Amino acid sequence: MRTWDWSYTGHVMPDLLRGLLVTVEATALGSLLAFALGLVWALAFRAPTRWVRWPVRAVVEFVRNTPLLVQLFFLFYVLPSAGLTFSPLATGVFGLGLHYSTYTAEVYRAGIDGVPPGQWEAATALSLPRRRVWIAVILPQAIRRVVPALGNYVIAMFKDTPMLAAITVLDMLKQAEEAGAESFRYTEPITVVGLLFVLIAYPTSLLMRALERRLGT
Amino acid sequence: MTTGLYELLLRGLWLTVQLTVFSAVLAAAVAFLAGLARLSRRWIVRFVAGVYVEFFRGTSALVLMFWLFFALPLLGWQLAALWAGTLALGLSYGAYGSEIVRGALRAVPPAQREAAIALSFTPAQRMLRVLLPQALPEMVPPFANLLVELLKGTALASVLGIGELAFSAQLVRLATGDSAQVYAIILVMYFVVAFVITRAMRLLERRAKASVGRAPGRSRGRPTRVPPGAIDPAVGATATVGGGTAGGGTAGGASPGTAAAGGTATGGDVA
């Protein structure tokens with residue numbers, strides 16, 4: 001049994017922190033994509049024609065019920081052969097955003113369903129155009145109450161970004177792996193990565209709980 | 001793709017199913033243990049369980065898997081890849097599951113617990129015969145979601161070199177060079193397994209609800225509103241607690257009349 005080596009830990013820290021930056025970047029961009037796409041799906045669920053509703057439903061269910069890792073491989077290997085070449089990070093962000101958009105779609109749907117019917121009726125009574133009903137009446141109320149739920153999915157995404165290491169993105173896990181491969185010491189870098197995840201995710205989840213209490217109806 | 005390669009994928013699928021079952025069993029055990037511990041009367045038990053849950057919910061399952069596989073051996077233990085994968089999945093999804101167990105137990109009306117105390121049930125009887133049977137049906141739908149998440153999580157085990165579905169797909173991709181085909185096939189395979197899990201759990205939910213005399217789920221559209229009195233006597237009638245005695249107690253939650261009747265009947269029993 002070997003003991004913990006602090007000087008080695010210090011030595012790998014800069015690389016790990018650089019990896020953390022990539023991890024945070026992927027999470028941030030992925031969340032933006034998931035928020036936007038999720039809203040598109042949620043609105044498509046309410047489309048007037050079933051020719052839109054059903055295919056969107058099917059795609060969303062499929063993406064949600066299959067592993068993100070395999071989806072990432074699919075995007076990583078198949079997109080270039082279709083003539084679309086992106087950086088691994090861009091592919092990863094797209095995969096992450098697409099996967100989580102199927103979760104945020106349900107969150108938005110619940111938020112929209114939660115808007116009291118009186119709001120719809122009032123908007124109709126004022127004969128507001130449909131666009132304005134959504135943008136000025138329904139969505140502001142729907143989104144406000146789902147912010148904590150969306151925040152929880154950001155945390156979940158953050159914890160899933162290590163999967164991007166499998167498609168060669170230099171995130172925290174990949175950096176730890178490379179450091180380990182170089183020195184044959186995996187214990188320190190991987191332990192530090194695991195702890196960093198807890199150190200960031202736990203306070204953020206407390207924040208979301210507090211937000212939930214404040215915004216709670 | 002040749003038949004040999006299909007066979008490889010099917011063998012991978014079988015290992016994925018095995019991995020899912022093993023880690024689901026472990027996760028369920030951990031979930032109940034930690035979920036009950038978090039409701040314990042002793043603060044130290046609650047605290048330890050809380051640290052476990054927050055830690056494993058806070059870290060990434062993939063990092064945990066790497067840690068169990070690469071870092072643990074250097075501290076003195078070597079785990080086979082399959083067990084490292086099972087342990088990592090079981091422990092992290094068990095932490096999520098413990099929140100489900102805790103939430104469902106806390107959602108049982110407090111009168112049930114009070115009634116069990118009044119009937120001088122031991123704490124174990126109270127949990128096993130009154131609280132858990134009523135909490136279980138509430139746990140099934142969120143557990144179904146968690147099981148699908150667990151199935152998706154097994155793909156992570158491929159990074160440890162476990163020959164499950166995602167790993168077999170890598171091998172096939174290297175053999176044929178046609179990544180679109182093989183990944184499309186295994187995505188469909190995962191989807192089919194997830195679909196089977198969802199359906200099976202829905203069946204389980206109906207049976208669990210029926211066993212405590214509750215309506216078999218919201219079948220379609222919005223849940224129908226049922227007046228409070230209409231359901232509770234049914235719960236009382238079929239609750240499995242000591243024959244008719246708890247029946248009176250349970251119904252008592254709804255209407256004071258039956259509560260009194262049940263109370264006296266039980267009082268005689270206990271004395």
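The following exercises, each with a worked solution, concern a predicted model with chains A and B.

**Exercise 1. Confidence**

Determine what mean pLDDT each chain has and where the pLDDT of chain B is below 50.

*Solution.* Step 1: begin with chain A, whose mean pLDDT is 92, with 98% of its residues at 70 or more. Step 2: examine the elements of chain A; helix α8 (residues 187-215) has the lowest confidence, a mean of 89, while α4(A) has the highest, 96. Step 3: turn to chain B, which averages a pLDDT of 80, with 79% of the residues scoring at least 70. Step 4: locate the stretch in question; residues 219-271 of chain B have a pLDDT below 50, and this stretch has 36 contacts in the model beyond near neighbours in sequence. Step 5: apply a general caution, namely that predicted coordinates should not be read in detail where pLDDT is low.

**Exercise 2. The interface**

Describe the contact of chain A and chain B, and identify the salt bridge across it.

*Solution.* Step 1: list the participants; chain A gives 36 residues to the contact and chain B gives 34 residues. Step 2: consider the area; the two chains bury about 3300 Å² between them, and 73% of this lies on carbon and sulfur atoms. Step 3: search for salt bridges across the interface, where the rule finds one. Step 4: name the partners; A:Arg209 pairs with B:Glu54, and their closest N and O atoms are 3.3 Å apart. This distance satisfies the cut-off of 4 Å for a salt bridge.

**Exercise 3. A salt bridge in chain A**

Explain why the salt bridge of A:Arg46 and A:Asp113 ties together parts that are apart in sequence.

*Solution.* Step 1: the whole structure holds 16 salt bridges over all chains. Step 2: in one of them the side chains of A:Arg46 and A:Asp113 meet at 3.1 Å, N to O. Step 3: A:Arg46 lies in the loop between α1 (6-45) and α2 (50-64) of chain A, whereas A:Asp113 lies in helix α4 (residues 88-113) of chain A, so the pair links parts 67 residues apart in sequence.

**Exercise 4. A pocket**

State which residues and elements line the second largest pocket.

*Solution.* Step 1: the space in this pocket is about 570 Å³. Step 2: its lining has 15 residues, with B:Leu39, B:Arg113, B:Arg126, B:Met127 and B:Leu131 nearest the centre. Step 3: α4 (81-107), α5 (110-118) and α6 (123-153) of chain B each give two or more residues to the lining, and α6(B) has the largest share, four residues. Step 4: by class, the lining comprises nine nonpolar, one polar and five charged residues.

Technical notes. Residues numbered from 1 in each chain as written. Chains lettered and ligands numbered in written order. Heavy atoms only, no water. pLDDT = per-residue confidence, 0-100. Contact = heavy atoms within 4.5 Å. 1 Å grid on protein atoms, 1.4 Å probe; cavity = no way out; pocket = protein on both sides within 12 Å on 5 of 7 lines; lining within 4 Å. Points joined across faces, edges and corners; volume = space filled by probe spheres on them. Nonpolar A, V, L, I, M, F, W, Y, C, P; charged D, E, K, R; others polar. Buried area = accessible area lost by both parts, 1.4 Å probe.
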